[in-house]
Amino acid sequence: MKKVIVITGGAQGIGKEMVDYFKNQGFEVAAIDVMENDYFVGDISKEEDLISFHKKVISQYGKIDYLVNNAMISRGGLNDCSYHDFLDVLKVGVLAPFMLVKLFMNDFNDKGAIVNISSSRAFMSQSNTEAYTAAKGGITALTHGMAVTLRGKVRVNSISPGWIDTSSRDWEEADADQHLVGRVGKPMDVVKLTEYLLSDSAEFIDGQNIIVDGGMSKQMIYHNDEGWTFKMS
């Protein structure tokens, strides 16, 4: 019997790569996105859409095996993010994953697993990104909370990607060199780790966050050190 995987934000970027990959691997894929896709068009910031999505998935498949909370939006920060903008980001980035897990928590087959897509921005920031950063910090913390609540039933882990390019551009020189591995990340870097964390091979990994950033966040950078120069915008 085919495994059933639920993926949010499945119409573009990393989410689209996930949808295509897992379909090619023989999974039944149930994706939701505000953009057009071949399963369910809906806004995960709206409770009614989450409920309708859950109803469709369970009506069609009865049970699921995996859930990937991937969808996210960005609305800036202190300089330009309004009260409602900030709230919208938290709805998509934190509340929706919480509600989806709440809706599906009793619908998992044995050895079920959840992967939440966080970000290295939960631990480091650029200016004026407070809304996104707060949401990613929230889902990182939510991950270990869920793992404790669902212990023995469903494993829950998160992935924090760094710079992942979804344009297939060939980044060179400084852009590549600031990563210890010498290149900018690709969506498949996240997809393959997601596949592993969902698999039985990762049965002893639970409640963890794994950073996938080519080592970028581990390199200490000082002004005028190794050619790096800091300049305020």
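User: Which residue forms a salt bridge with Asp-189?

Analyst: This is a predicted model. Asp-189 is partly exposed, at 25% relative accessible area. Its partner is partly exposed too, at 32%. The closest N and O atoms of the pair are 3.0 Å apart, and the partner is Arg-183.

User: Which residues do salt bridges with shared partners join into one network?

Analyst: The count of salt bridges comes to 8. Those that share partners make one network, and its members are Arg-75, Asp-85 and Asp-88.

User: How many residues apart are Asp-20 and Lys-16, and in which helix do they lie?

Analyst: Their side chains meet in a salt bridge, 2.8 Å from N to O. Asp-20 is partly exposed at 33%, and Lys-16 is partly exposed at 33%. The spacing is about one turn of the helix: 4 residues, in α1.

User: Lys-111 and Asp-200 form a salt bridge; what is the N to O distance?

Analyst: The pair links distant parts of the chain, 89 residues apart. Lys-111 sits in strand β5, and Asp-200 in the loop between α6 and β7. Lys-111 is exposed at 55%, whereas Asp-200 is partly exposed at 42%. The N to O distance is 3.8 Å.

User: Why do the buried residues of α2 line one face of the helix, and within what arc do they fall?

Analyst: The buried residues are Asp-49, Leu-50, Phe-53, His-54, Val-57 and Ile-58. Lys-55 and Ser-59 are exposed on the other side. Seen down the axis, the buried residues of α2 keep to a limited arc, so they line one face: the arc is 155 degrees.

User: Which elements do the buried residues of α2 pack against?

Analyst: Helix α2 covers residues 47-61, and its end C-alpha atoms are 21 Å apart, in agreement with the expected 21 Å. Its buried residues pack against strands and a helix: β1, β2, β3, β4 and α3.

User: How far apart are the end C-alpha atoms of α6?

Analyst: Helix α6 has 12 residues, 187-198. Its buried residues include Pro-187, Val-190 and Leu-198. They pack against β1, α1, β4, β5, β6 and β7. At 1.5 Å a residue the helix should span 16 Å, which agrees with the end-to-end value of 17 Å.

User: How far apart in space are Ser-45 and Met-99?

Analyst: Ser-45 is in the loop between β3 and α2. Leaving aside neighbours within four places in sequence, Ser-45 is in contact with Lys-91 and Val-92. Ser-45 and Met-99 are 54 residues apart in sequence, but C-alpha to C-alpha the distance is 9.9 Å.

Definitions and conventions:
Residues numbered from 1 in each chain as written. Predicted model: local features only at pLDDT ≥ 70, side-chain atom pairs only at ≥ 80, totals over all residues. Heavy atoms only, no water. Helix = DSSP H or I, 4+ residues; strand = E, 2+ residues; numbered from the N terminus. Expected span 1.5 Å × (residues − 1). Buried < 20%, exposed > 50% of the residue type's maximum accessible area, 1.4 Å probe, protein only. Arc of directions from axis to C-beta. Contact = heavy atoms within 4.5 Å. Salt bridge = Lys/Arg side-chain N within 4 Å of Asp/Glu carboxyl O.
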